[in-house]
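Biologist: Please pick one part of this model and take me through it closely. Start with the terms, and keep the sentences short.

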Amino acid sequence: MKFFGVRSLTLVSVAVAAVVLAACGKKDAASDATVIKIGHVGPVSGAIAHLGKDNENGARMAIEELNAAGLKIGDKAVKFELLAEDDAADPKQGTAAAQKLVDAKVNGVIGHLNSGTTIPASQIYNTAGIPQISPSATNPKYTRQGYTGAFRVVADDVHLGGTLGKYAVETLKGKNIAVIDDRTAYGQGVAEEFKKGATAAGGTIVGHEFTTDKASDFNSILTTLKAKKPDVVFFGGMDAVAGPMLRQMKSLGIEAKFLGGDGICTSELAKLAGDAMKDESVFCAEAGGVEGEQKAGMDKFRTDFKAKFNADVQVYAPYVYDAVKVMATAMVTAGSADPAKYLPALKAINYKGVTGNIAFDEKGDIKNGALTLYTYKGGERSQLAVVR
């Protein structure tokens with residue numbers, strides 16, 4: 001039998017200790033700082049990968065700034081680590097990503113982007129006791145499930161869809177209004193709220209057709225709607241579908257104004273629609289917005305983002321950025337990154353971010369949420385108004 005000497009035992013002990021330390025993920029070896037894991041989930045593959053990457057970059061920017069600030073939580077130096085996952089805007093992949101983050105023992109989650117992935121994933125985070133802030137999911141159901149750790153930093157579909165419905169009738173003078181939705185939790189939800197708003201304002205819904213979030217041929221449903229001579233066509237869905245839909249509307253000679261929610265309200269839409277987008281023919285609303293003196297902070301964020309990533313902000317990168325900072329601020333306030341300990345501070349947060357003031361109501365929705373209405377001119381988004 002071969003015996004280990006003292007030196008060998010010491011080396012083995014050191015090696016084992018290093019493995020255990022790495023597995024626990026509690027300390028950053030280089031700085032001896034406590035590592036705090038923040039999860040982010042968005043679709044960084046698939047048709048709306050440009051939106052998912054936009055969100056993820058917002059998270060990365062916030063994480064880098066937090067680490068550069070040398071924050072302490074309690075009396076301990078900390079290092080924030082981003083664990084980024086791809087859900088491809090698919091509910092099944094979204095729940096798998098959520099479970100992966102739970103297994104990694106993240107301290108909190110920012111995401112998901114889509115309502116259809118956010119809602120099922122929220123059940124997993126709730127069971128694990130991990131707070132979740134969505135920067136962009138607008139379906140009301142998300143914060144109406146009774147989960148104490150579910151928050152969002154943008155207005156929901158009741159506000160967004162209803163405001164667009166009223167705008168379609170009162171400002172755009174739409175009388176005969178057609179609706180299309182992609183049957184996702186987001187698309188269906190915002191379309192139904194739009195219909196309520198438009199009807200309440202005196203408009204008439206002449207047809208409601210359905211597609212999917214992966215469709216590319218809309219000739220059948222558009223031909224059906226064309227026969228009903230709509231003044232306005234509202235689409236509940238994302239820009240990857242809205243662009244080709246606008247092209248086919250042009251080819252069929254449909255002259256109606258085109259409206260959509262935040263899913264189409266991107267800088268990419270003009271590229272996807274090409275020459276089918278006439279000036280001031282497309283209108284949309286972003287579920288957020290700043291005005292007055294707060295606008296300077298948002299403008300600076302957009303400039304810094306472009307310099308860092310060589311890309312313009314699509315829609316929700318600043319809301320992701322703020323959501324990360326809000327979560328970190330709650331941890332600092334509570335003196336702990338333990339979800340159970342910082343959750344009360346998160347509920348009571350009052351944070352001034354680049355997207356405006358962030359505070360949550362009893363459901364986890366942002367208080368006094370804003371909407372920004374846009375149209376498109378010369379292939380660029382042009383702001384019309386911020387409404388609350």
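Modeller: A residue counts as buried under 20% relative accessible area, as exposed over 50%, and as partly exposed in between (1.4 Å probe, protein chains only). By that rule, 54% of the 388 residues of the chain are buried. This is a predicted model: local features need pLDDT of at least 70, side-chain atom pairs count only at pLDDT 80 or more, and totals for chains, interfaces and linings use all residues. Residues are numbered from 1 along each chain as its sequence is written, and side-chain values use heavy atoms, with hydrogens and water left out.

First, the whole chain. It has 12 helices and 16 strands. Both are DSSP runs, numbered from the N terminus: helices are H or I with at least four residues, strands are E with at least two. The C-alpha trace spans about 90 × 50 × 40 Å along its principal axes. The radius of gyration, taken over C-alpha atoms, is compared with a globule rule of 2.2 Å times the number of residues to the power 0.38. For 388 residues a compact globule would come out near 21 Å, and the 23 Å of the chain agrees with that. Now look at contacts, meaning heavy atoms within 4.5 Å. Among those with a separation of 6 or more, 68% link residues 24 or more positions apart.

Now the close look, at strand β5. This strand covers residues 108–111, and 4 bridges join it to strand β2 (residues 33–42). The two strands run parallel. Strands count as paired if DSSP finds at least two bridges between them. One partnership with β2 is that of Val41 and Gly111. Strand β5 also pairs with strand β6 (residues 132–134), through 2 bridges. That pair is parallel as well. Here Ile110 stands opposite Ile133. In a regular strand the side chains alternate between the two faces of the sheet.

What joins Gly111 and His112? A cis peptide bond does, with omega at about 0°. His112 lies in the loop that leads from β5 to α4 (115–128).

Go back along the chain, to the loop between α3 and β5. Lys105 lies there. Its phi is positive, about 60°, although Lys105 is not a glycine. Is Lys105 buried or exposed? Lys105 counts as exposed, because its relative accessibility is 66%.

Go back again, to the loop between β4 (76–86) and α3 (91–103), which holds Ala89. Ala89 also has a positive phi of about 60°, and Ala89 is not a glycine. Ala89 is buried, because its relative accessible area is 18%.

One more strand is worth a stop. Strand β3 consists of residues 72–73 and includes Lys72. Lys72 is exposed, because its relative accessible area is 52%. Leaving aside residues up to four places away in sequence, Lys72 touches Ala77 and Val332. Lys72 and Gly289 are 217 residues apart in sequence, and their C-alpha atoms are 31 Å apart in space.

Compare that with a loop further along, between α9 (269–273) and β12 (282–286), where Gly274 lies. Gly274 counts as partly exposed, because its relative accessibility is 27%. Its C-alpha atom is 7.5 Å from that of Arg247, which is 27 residues away along the chain.
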